[in-house]
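Please work through the exercises below with the sequence and the model open beside you. Try each task before you read its solution.

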Amino acid sequence: MSDLLGDGNVKVTFVLAVANISAPTASELNAGVDLQEVLTKEGLDIKPDQSAVDNTSLASRAETEDAGTSKYTITLTWKKQKEEAADVAFTTLTPGTLGYLAVRRDRAHETAWAADDPAEIYPVRAGVFGRQPPKLNEPQTVEQKMFNHTEPDTEAVVAA
């Protein structure tokens, strides 16, 4: 048994338009801007949270609960680039921009999006730039929240 490594095997693309988040097309995703090369090694932070619904009744002998609504908190941490043309996160994720964050795991990031690829599609609005304090011997970084404003599809498949 061998572990599946994330090293170089995560693609993160910001896309302005997706017609169907459950079955985005490869052309829609490949028209987006890839961000994985400017994200820090821990710069893709997607945390699901699900509320509990108390379904205990007067007749219950134990407190019980069921699954309620879910929420995704998404934060990107990216490295500021010296040349403006290479600063794709800064120029693409301007605060207030609406789009879709598309994530593909378990395949080389250099590989273009293709039919049958697994995808996580998050409809997002880019938050404000959170410029991080400078640190000696480290690149300048920006932490930016992506507001997941509509239910995502975390089990999407790229359309054939």
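The exercises that follow concern a predicted model, and each task is followed by a solution in steps.

**Exercise 1: the overall layout**

Task: State how many helices and strands the protein has, and in which order the elements run from the N terminus on.

Solution: Begin with the count, which comes to two helices and eight strands. Then follow the chain from the N terminus, where the elements run β-α-β-β-β-α-β-β-β-β. To place these elements in space, take the box along the principal axes that the C-alpha atoms fill, which is roughly 65 × 45 × 40 Å. As a last step, consider burial, for which the cut-off is a relative accessible area under 20%; of the 160 residues of the protein, 34% count as buried.

**Exercise 2: the partners of strand 7**

Task: Find out in which sense strand 7 pairs with strand 4 and with strand 6, and over how many bridges.

Solution: Locate strand 7 at residues 141-148 and strand 4 at residues 65-79, and note that these two strands pair in the antiparallel sense over seven bridges. One residue pair of this kind is Lys79, which stands opposite Thr141 in strand 7. Next, turn to strand 6, which covers residues 118-131 and pairs with strand 7 in the antiparallel sense over six bridges. Here Arg125 can serve as an example, for its bridge partner in strand 7 is Phe147. Taken together, the steps show strand 7 paired with strand 4 and also with strand 6.

**Exercise 3: residues in the loops**

Task: Locate Asp116 and Asn137, and describe the phi angle of each residue.

Solution: Start with Asp116, which is found in the loop between strand 5 (98-105) and strand 6. Its phi is positive, at about 75°, although Asp116 is not a glycine. With a relative accessible area of 56%, Asp116 is exposed, because the cut-off for that class is over 50%. Continue with Asn137, which is found in the loop between strand 6 and strand 7 and has a phi near 65°, again a positive value in a residue other than glycine. Asn137 is exposed too, with a relative accessible area of 77%.

The loop between strand 6 and strand 7 is also the place of Gln140, whose relative accessible area of 56% makes it exposed. The C-alpha atom of Gln140 is separated by 9.7 Å from that of Lys82, although the two residues are 58 residues apart along the chain.

**Exercise 4: salt bridges**

Task: For the salt bridges Lys80 to Asp87, Arg105 to Glu120 and Arg107 to Asp117, work out whether each partner is buried or partly exposed.

Solution: Recall the principle that side chains of opposite charge can pair when their charged atoms come close. A search of the whole structure finds six salt bridges, and three of them are treated here, one after another.

1. The side chains of Lys80 and Asp87 meet at 2.3 Å, N to O. Lys80 is partly exposed, with a relative accessible area of 29%, whereas Asp87 is buried at 2%.

2. The side chains of Arg105 and Glu120 meet at 2.5 Å, N to O. Arg105 lies in strand 5 and Glu120 in strand 6, so this pair ties together parts that are 15 residues apart in sequence. Arg105 counts as partly exposed at 34% relative accessibility, while Glu120 is buried, with a relative accessible area of 12%.

3. The closest N and O atoms of Arg107 and Asp117 are 3.5 Å apart. Both residues are placed in the loop between strand 5 and strand 6, ten residues apart. Asp117 counts as buried at 5% relative accessibility, and Arg107 is partly exposed at 34%. Salt bridges that share partners join Arg104, Arg107 and Asp117 into one network.

**Exercise 5: a patch of charge**

Task: Name the residues that gather in a patch of negative charge on the surface.

Solution: The patch is formed by Asp54, Glu63, Glu65 and Asp66. To look at one of its members, take Glu65, which is found in strand 4. Glu65 is exposed, with a relative accessible area of 59%.

Notes: Residues are numbered from 1 along each chain as its sequence is written. This is a predicted model: local features need pLDDT of at least 70, side-chain atom pairs count only at pLDDT 80 or more; totals for chains, interfaces and linings use all residues. Side-chain values use heavy atoms; hydrogens and water are left out. Patches are made of residues with over 30% relative accessible area and no salt bridge: like charges are joined within 9 Å, nonpolar side chains (Val, Leu, Ile, Met, Phe, Trp, Tyr) within 5 Å. Accessible areas come from the Shrake-Rupley method with a 1.4 Å probe; for residues, only the protein chains shown count as cover. A salt bridge is a side-chain nitrogen of Lys or Arg within 4 Å of a carboxyl oxygen of Asp or Glu. Lys and Arg count as positive and Asp and Glu as negative; His and the chain ends are not counted. The place of a charge is taken as NZ of Lys, CZ of Arg, CG of Asp or CD of Glu. Helices (H or I, at least four residues) and strands (E, at least two) are DSSP runs, numbered from the N terminus. Buried means under 20% relative accessible area, exposed over 50%, partly exposed in between (1.4 Å probe, protein chains only). Two strands pair if DSSP finds at least two bridges between them.
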